[in-house]
Amino acid sequence: MRWLAWLAIVGLAGCTAPNPAYRAQADESGPESTSSSSTGLAETTDTSTGELATCEVHTPLPLAIRVLEGGVPRAPECTADGGTVTWIAEGNNVFPPPKNRIEHRVCTPATCPCLGDPPTITVELGDVAFSEDLGLPDCGQLALWTRLGPDGCEWAGAVLYDGDNALPEYIASNTLYVPPLVLIGPEPLTLGLAEDDPCAELELCNDIAFPGRYALDILGQATVTAEQPPAYIDVAFVMGGTSETYLFDNRMSSITRACELQVAWTAQRRPPP
């Protein structure tokens, strides 16, 4: 249901941590529930019938983003109101095996690839891997952002650019949105939610959406579930301009029984023919 994609953003876009303003209000006569993050199941007992039903959500699979500067972990920074954006100067990029991290050596574009031994920023992405079929820029700019997550301030995403090109080559995000690093027309890039397998037997979260499994809605153009292979989708970054094709991988997109949004995705640009 397309309306859900945009209504869900209003209440859920910034929260993977418990959100008291969004949490469903429990009804004493309603269902009782327990959940298991290891199985992705929420078991619900209907107190009126005593019957047990299961409601499936995606097994949590966030991007385990870690940033190192000169080999030393760099702590994320957040404000009381939320995360911050950090721009890393241009430099050349190396993507060593197993292709799950970016080694960004800072230098001016005129000397890229870098000479000597410049500062190196390493972005580790956990068990995610770049597509072998698509190229990644060997020189460009890197941007990172943070958020207030379940355990406090944490790295939330990264965007990689190619030289002076304003279009992103690679995005990794644990949020539905990308802060105004990447624009769709005049607006920041924001994905939505579309129905996949919501748990209609449970309480609505904030009268908007049921807990359960959802697909990522890519700008109203296509949907990608966590179960399906990555999909190529055209994205128009400039109003009235040409589209670019990206390989979108949905790692997880669920609303838990506690009304917490759990989302993680990547997008890798397909180079022009």
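Visitor: Why does Cys78, at 25% relative accessibility, count as partly exposed?

Guide: The model is predicted, and in it Cys78 has a relative accessibility of 25%. Buried means under 20% and exposed means over 50%, with partly exposed in between. The value of 25% lies in between, so Cys78 is partly exposed. Cys153, with a relative accessible area of 29%, is partly exposed by the rule of 20% and 50%.

Visitor: What makes Cys78 and Cys153 a disulfide?

Guide: The sulfur atoms of Cys78 and Cys153 are 2.1 Å apart. The cut-off asks for sulfur atoms within 2.5 Å, so the pair qualifies as a disulfide. Cys78 belongs to strand S6 and Cys153 to strand S12, and the pair links distant parts of the chain, 75 residues apart. By this rule the structure has 4 disulfides.

Visitor: Why is the disulfide of Cys78 and Cys153 called right-handed?

Guide: The torsion about its S-S bond is about 80°, so the disulfide of Cys78 and Cys153 is right-handed. The link of Cys107 and Cys114, with -85° about the S-S bond, is left-handed.

Visitor: How do you know that Cys107 and Cys114 count as buried?

Guide: Cys107 has a relative accessibility of 13%, and Cys114 has 9%. Buried means under 20%, so Cys107 and Cys114 both count as buried. Their sulfur atoms are 2.2 Å apart, which satisfies the limit of 2.5 Å for a disulfide.

Visitor: What does the disulfide of Cys112 and Cys139 tie together?

Guide: A disulfide joins Cys112 to Cys139, with an S to S distance of 2.0 Å. Cys112 lies in the loop between strand S9 (101–106) and S10, and Cys139 lies in strand S11, so the pair ties together parts that are 27 residues apart in sequence. Cys112 and Cys139 are both buried.

Visitor: Why do Arg213 and Asp197 count as a salt bridge?

Guide: In the side chains of Arg213 and Asp197, the N to O distance is 3.4 Å. A salt bridge needs a side-chain nitrogen of Lys or Arg within 4 Å of a carboxyl oxygen of Asp or Glu, so this pair meets the rule. Arg213 lies in strand S17 and Asp197 in strand S16 (residues 192–198), so the pair ties together parts that are 16 residues apart in sequence. Salt bridges that share partners join Glu56, Asp197, Arg213 and Glu227 into one network.

Visitor: Are Arg213 and Asp197 buried or exposed, or partly exposed?

Guide: Arg213 has 14% relative accessibility, which is under 20%, so Arg213 counts as buried. Asp197 has a relative accessible area of 31%, between 20% and 50%, so Asp197 is partly exposed.

Visitor: How many salt bridges does a search of the whole structure find?

Guide: The search finds 10 salt bridges. One of them is formed by Arg147 and Glu154, at 2.6 Å from N to O; Arg147 is buried, with a relative accessible area of 8%.

Visitor: What makes Asp81 exposed?

Guide: Asp81 has a relative accessible area of 80%, and exposed means over 50%, so Asp81 is exposed. Asp81 lies in the loop between strand S6 (78–79) and strand S7 (82–83). The C-alpha atoms of Asp81 and Arg147 are separated by 9.2 Å, although the two are 66 residues apart along the chain.

Visitor: How do you know that strands S4 and S10 pair?

Guide: Strand S4 (residues 66–69) and strand S10 (residues 120–124) are joined by 4 bridges and run antiparallel. Pairing requires at least two bridges, so S4 and S10 pair. Glu69 stands opposite Ile121 in S10. S4 also pairs with strand S5 (residues 72–73) over 2 bridges, in the antiparallel sense.

Visitor: Which residues of the largest nonpolar core touch the most other members?

Guide: Among its 32 residues, they are Ile171, Val178, Phe248 and Trp265. Strands that each supply at least two residues of this core include S11 (139–149), S12 (152–161) and S21 (261–269). The largest share, 4 residues, comes from S21.

Visitor: Where does pLDDT stay under 50?

Guide: It does so over residues 1–39, and over residues 41–53 the pLDDT is also below 50. The mean pLDDT of the chain is 78, and 77% of its residues reach 70 or more.

Definitions and conventions. Residues numbered from 1 in each chain as written. Heavy atoms only, no water. Core = buried A, V, L, I, M, F, W, Y, C linked by side-chain atoms within 4.5 Å. Buried < 20%, exposed > 50% of the residue type's maximum accessible area, 1.4 Å probe, protein only. pLDDT = per-residue confidence, 0-100. Contact = heavy atoms within 4.5 Å.
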